Each structure stands twice: as C-alpha cells, then as structure tokens.
Amino acid sequence: MEISDSLQKIRDIRELRIRDNCAVKINVAGHWYCLGKNGLLLASAKSAIVADKDCDEIVKKVCGNSIYAYEKSLANGYFTLEDGTRIGVCGHLFGKDKKVFQKYTSLCFRVPHYVNCVTDEVLNKCIHCNTLVLGVPASGKTTYLRDIAVKLGPNYNVLVVDERGELFYDENLIALSNCDVLKWSDKLYAFEAGARALSPQYIVCDELSTDDIPFVKSCIASGIRLICSAHASTEKDFDTRFGLLDLFGLVVNLNSKQIVSNMCRNECSYAKFDKM
C-alpha cells in the first residue's frame, strides 16, 4: 500500500511516524491512530507496515534524490520541506564525528498549522515585557509563537527568526502577519545583524539552547522585547538550565496550562490550548 495514497484522504494531520518494519502511526487533531488502507485504525493489527529500507527511499524521494543538499541539516537530525514540514530522522550513524547517516530507519514528520490560540489578555501582556513559552516536545510551542507573531505584526515591527523554516512556512502567512522573517538564520546573526539592520521592537524565536544565552542577554540589554520558547517542564527547570528566568516578565507554561506574570505573579486566563 502506498502511504501517500492513504494520507490524501485524511485531514488535520499533525504528526506522522514511519519506522522500517513497523506500523505507520499518525496524529490527527491531537489523537493517535494507525494508518490502514481505508483510513485510520485504533489498533495496529490491520495497519500499513513499512517495509525494510523504506525510510531510506522516503528520505531520498523527499530530498529530490539530492541528499547532499540537505547534508548539514541532516547532521542535526532533521530537515525541513518547502511547506514547513519538519522531518526528524533516526538510523545508523558513521564517520569520525558520527554525524553522517549510513541508513535511515525511522522518520518523524511534524506538520505545521496555524491555530488562533493566543487570547487578547495574553497578547496585551506580551506587548509590555519579554515573554517565555515553555513546554515539552510537541506541546505546541511553535504554534503558540506563530500566533503571537501574527497578531503583533500588524501594529509593531516584529522580526521572526525562523531557523528551521517552521514558524512561517507559508508566504501568505508572512503577508498576513506583516513581520520581517529571517528564514534559516541562526540566532547569532539575527540578534546582531538583524537587530541592527531592521530595528525591530520585538524578536520572536523558537527553542532556545544554552549556546544562545549570550545572544539572549545581549538582545534584551539592547531594549528589544524578546518572545521565545524553550524545552522545559517548569519555570524552575528552565532557570536551572539557563539562569535567565528573571529576564522574562511573562511565562507561558504549555504543560501546566498556566500563564504567569513574573512582575505581579498574577495568573490570567490561559489560551485555547485544546485547539493546539
């Protein structure tokens, strides 16, 4: 069975998991299923089974048989398609630095989508302080940041740092938001060159790493409001890893579904998380 043929019949796909010799798993509207010939299944007994070496063939096909063009990105464990779909890769590594894939055995497709999920109350708080969005993987951090940028863009100068091409995957979305979007740029370039050349009032970026700490401090010290996300379960976990919590006046925790102002410690109504 061709996986692509079955996927054509399904709407609101959020994530797709393909593993050699295993059932195809698919997340539709936040719920997990197995993929069958005629649609979605709750159990894997009659689901589509991926053949051995299929993942290798899929990677070659989606790369247009030019894997070397994506070599740098693949070394980081993923690559991004033109429509913003991020494909995480797993398999057998070789080479001196163990960053070159000899064989691909499993793939994770993350499909971007726009969701109107940020309330006016939260947006008004974002305007006045640096904002941090916390969450575990696949909790909706990128979706949440995208909506903030779309809603701030028409009234403010917003620079979006889209390192992986996921935040603003659609040219129509860029036009709607009226944001400046630096695609495939790292944070160092964006926070220095982008800040100087574009004079943003806000910078929106996804998934901080500890390597970004100096850039974050420099950006905030320059007077630009920063709206960013990070992998963490709690504010304490974030501060233990980064030591930056005091720089953010607003913290959105997508795990606990709480939005807390560090300036007044008052909780406000959280966004429509159920739609993310």
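Buried here means under 20% relative accessible area, exposed means over 50%, and partly exposed is whatever falls in between, with a 1.4 Å probe and protein chains only. The structure is a predicted model, with local features needing pLDDT of at least 70 and side-chain atom pairs counting only at pLDDT 80 or more, while totals for chains, interfaces and linings use all residues. Residues are numbered from 1 along each chain as its sequence is written, and side-chain values use heavy atoms, with hydrogens and water left out.

Start with the sheet. Helices (H or I, at least four residues) and strands (E, at least two) are DSSP runs numbered from the N terminus, and two strands pair if DSSP finds at least two bridges between them. Seven strands make up an open sheet, in the order β4-β3-β2-β1-β7-β6-β5, with antiparallel pairing. Its edges are β4 (39–41) and β5 (78–80), each of which pairs on one side only. On average, neighbouring strands of this sheet are turned by 35° against each other, direction ignored; axes are lines fitted to C-alpha atoms, for helices over the stretch in contact, and angles run from 0 to 180 degrees between N-to-C directions.

At the β4 edge, β3 and β4 run antiparallel and are joined by three bridges, with L35 finding its bridge partner, L40, in β4. G36 also belongs to β3 (residues 31–36), and it is buried at a relative accessible area of 2%. From G36 to A232 the C-alpha separation is 35 Å, for two residues 196 apart along the chain. Helix α2 (residues 54–62) lies across β1 (13–19), β5, β6 (86–94) and β7 (100–110), running at about 75° to β7; contact means heavy atoms within 4.5 Å.

Another pairing has the parallel sense: strand β8 (residues 131–135) and β13 share four bridges. One of the matched residues is T131, whose bridge partner in β13 is L250. Strand β13 (residues 250–253) sends L250 and V252 one way and V251 and N253 the other, and all are buried.

Now for the charged side chains. With a salt bridge taken as a side-chain nitrogen of Lys or Arg within 4 Å of a carboxyl oxygen of Asp or Glu, the count comes to 12. One of them joins E163 and K187, whose closest N and O atoms are 2.3 Å apart. E163 sits in the loop between β9 (158–162) and α6 (171–177) and K187 in helix α7 (residues 187–198), so the pair ties together parts that are 24 residues apart in sequence. The two ends differ in accessibility: E163 is partly exposed at 24%, whereas K187 is buried at 2%.

R164 has two partners to report. With E166 the closest N and O atoms are 2.8 Å apart, and both of these residues are buried. With E207 the corresponding distance is 3.4 Å. This second pair links distant parts of the chain, 43 residues apart: R164 in the loop between β9 and α6, and E207 in the loop between β11 (202–205) and α8 (213–221). These residues belong to a salt-bridge network that links R86, R164, E166, D206 and E207.

E207 also has a backbone quirk, with a positive phi near 50° in a residue other than glycine. Its relative accessible area is 18%, so E207 counts as buried. S199, not a glycine either, has a positive phi of about 45°, and S199 is found in the loop between α7 and β11.
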